[in-house]
Amino acid sequence: MFSTEFIAFDSCTPQKAVTNDDLSLLVDTTDEWISTRTGIRERRISEGENTSDMCIKVAKGLLKKSSVSAEDIDLIIVATITPDFATPSTACMVQSAVGAVNAFAFDVSAACSGFVFAAGIADKYIRSGMCRNAIVIGAETLSKIVNWRDRTTCVLFGDGAGGALLSRSERNCYIAEDMHSDGSLGMQLTGGEAKVRNAFADPEEPDRRYLEMDGRTIFSFATRKVPASIRTLLEKASLTPDDIDWVVPHQANSRIVEVVAKKLDMPPEKFFMNIAKYGNTSAASIPIALAQMSDEGLLKKGQKVIISGFGGGLTWGSAIIEI
Ligand code: ACO
């Protein structure tokens with residue numbers, strides 16, 4: 001039996017920062033409403049860079065930071081709901097751009113839980129002995145599917161990518177996981193619909209291509225499921241909240257995180273937050289946070305970190321990793 005270690009983290013976000021005040025020129029909103037309800041002050045928005053472009057920069061950064069050669073990568077997974085194309089997958093575009101000629105590559109669609117699910121998949125390939133080195137990226141260009149006239153959603157989301165390089169190791173750094181989906185609630189958060197339109201079918205209703213959600217339902221779902229998932233995770237690992245150095249939650253709303261911390265009776269300072277700067281970047285939010293923490297020296301060898309994602313599907317999942 002083999003074990004998995006997280007060797008490197010990296011991220012890439014578009015240059016353009018869009019503030020709440022900038023958005024108040026587009027829709028009827030204010031900095032005060034957005035920041036008090038969500039914790040968001042600005043977000044990065046692509047001026048042309050697509051999901052694959054950011055993923056390629058992340059993959060190159062991971063190879064550089066880890067000193068693993070592109071030929072030694074066996075697996076590339078990109079978690080995204082905003083790929084450049086349905087095919088080729090974003091992961092295949094990354095494989096080609098970095099020259100990872102020995103890797104197999106595919107995308108995973110699990111919205112804001114995507115990075116956590118994809119890291120879990122990579123761990124199983126490494127643990128089974130089938131792979132030695134895997135690149136796992138969460139990336140979104142949500143600005144492509146945001147309705148820039150809808151103030152209830154356009155203020156929430158941002159673009160970006162982040163990832164990790166996972167390798168076979170003597171150290172078991174993927175300690176436990178807890179993954180779930182509830183498709184019966186799927187229509188509470190939708191986007192990117194493509195109805196059947198062909199020579200024989202021409203439905204009248206327009207496609208629901210833009211992100212739409214029942215914010216209150218998602219809020220209550222997240223504040224129930226995330227604490228439950230983290231409790232299960234701790235139980236599986238025979239650990240207590242005191243054993244955990246950091247929780248890196250999906251950055252959807254700072255109020256959700258405050259409720260989660262309270263329900264778990266954990267100090268809010270243990271929950272890393274950068275939502276003020278990036279907004280909700282769906283699958284990218286957790287790896288962007290991990291890369292920032294790593295670059296700032298906040299992650300130290302031996303620390304135990306919970307990553308916890310929740311969102312479209314509906315999906316939710318958490319894992320305990322050791323740095
Ligand atoms: N500016 C000003 N007013 C606004 C804005 C805005 N940007 N957006 C909504 N409002 C108004 C509404 O129209 C409403 O007005 P009304 O009372 O006159 O009808 C009022 O503000 C309150 O709206 P609510 O939707 O009730 O506001 P709420 O406090 O629930 O906050 C929010 C909304 C921020 C979306 C919250 O529900 C939330 O964060 N939910 C969770 C979302 C989430 O976590 N999604 C994660 C998954 S995303 C993914 O997977 C891709």
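How do the residues lining the largest cavity divide into nonpolar, polar and charged? In this predicted model, the lining comes out as 9 nonpolar residues, with no polar and no charged ones. The cavity itself has a volume of about 40 Å³, and a search of the whole structure turns up 1 cavity of 30 Å³ or more. Its walls are made by Val226, Ile230, Val247, Pro249, Ile256, Val257, Val260, Phe271 and Phe310. Three elements, α7, β11 and α8, each put at least two residues into that lining, and α8 has the largest share with 3 residues.

To see where those elements sit, it helps to start with the sheet that contains β11. This is an open sheet of 4 strands, in the order β8-β13-β12-β11, and its pairing is mixed. At its edges are β8 (174–181) and β11 (246–249), each of which pairs on one side only. Going from one strand to its neighbour, the turn is 10° on average, with direction ignored. Helix α7 (residues 215–236) packs on this sheet and touches β8, β11, β12 and β13 (315–322), with its direction at about 35° to that of β13. So α7 turns up twice here, as a helix packed on the sheet and as a contributor to the cavity lining.

The mixed pairing is easy to follow strand by strand. As a general point, strands of a sheet pair through backbone hydrogen bonds, either parallel or antiparallel. On one side, β11 and β12 (residues 304–311) run parallel and are joined by 4 bridges. Val247, one of the cavity-lining residues, has Ile306 as its bridge partner in β12, while the partner of Val248 in that strand is Ile307. On the other side, β12 and β13 run antiparallel, with 8 bridges between them, and Ser308 is matched with Ser318 in β13. These two strands form a hairpin with 3 residues between them, where Gly313 takes a positive phi near 140°. How enclosed is β12 by the rest of the structure? Largely, because 7 of its 8 residues are buried.

The loop between α7 and β11 holds Ser238. Here the picture is the opposite of buried: Ser238 has a relative accessibility of 65%, so it counts as exposed, the cut-off being over 50%. Ser238 is also a long way from Arg44 by either count, with their positions 194 residues apart in sequence and 39 Å from C-alpha to C-alpha in space.

The other sheet described here is open as well, with 5 strands in the order β1-β7-β6-β4-β5 and mixed pairing. Which strands stand at its edges? They are β1 (3–12) and β5 (104–108); each has a single partner strand, so one side of each is left without a neighbour in the sheet. Neighbouring strands are turned by 20° against each other on average, again ignoring direction. Within this sheet, β4 (residues 75–79) and β6 (residues 133–141) pair in the parallel sense over 5 bridges, and Leu75 finds its bridge partner in Ala134 of β6.

Two helices can be placed against this 5-stranded sheet. Helix α10 (residues 285–295) packs on it, touching β1, β6 and β7, and its direction makes about 90° with that of β1. Helix α3 (residues 51–66) lies across β1, β4, β6 and β7 (159–169), running at about 125° to β1.

Finally, there is the largest pocket, which takes in about 1000 Å³ of space. It is lined by 43 residues, and those closest to its centre are Thr152, Leu156, Phe157, Met213 and Gly215. Which elements each supply at least two lining residues? They are α2 (31–38), α6 (151–154), β9 (189–190), α7, α8 (254–264) and β12. Among these, α7 gives the most, with 4 residues. The pocket lining divides into 19 nonpolar, 18 polar and 6 charged residues, whereas the cavity lining has no polar and no charged ones. Both α7 and α8 supply residues to the pocket lining, and both also appear in the lining of the cavity.

Notes. Residues are numbered from 1 along each chain as its sequence is written. This is a predicted model: local features need pLDDT of at least 70, side-chain atom pairs count only at pLDDT 80 or more; totals for chains, interfaces and linings use all residues. Side-chain values use heavy atoms; hydrogens and water are left out. Two strands pair if DSSP finds at least two bridges between them. Axes are lines fitted to C-alpha atoms, for helices over the stretch in contact, and angles run from 0 to 180 degrees between N-to-C directions. Contact means heavy atoms within 4.5 Å. Buried means under 20% relative accessible area, exposed over 50%, partly exposed in between (1.4 Å probe, protein chains only). On a 1 Å grid over the protein atoms alone, a cavity is a set of points where a 1.4 Å probe fits but cannot get out, and a pocket is an open set with protein on both sides within 12 Å along at least five of seven lines; lining residues have an atom within 4 Å of a point. Grid points are joined across faces, edges and corners, and a volume is the space filled by probe spheres set on the points. Ala, Val, Leu, Ile, Met, Phe, Trp, Tyr, Cys and Pro count as nonpolar, Asp, Glu, Lys and Arg as charged, and the others, Gly among them, as polar.
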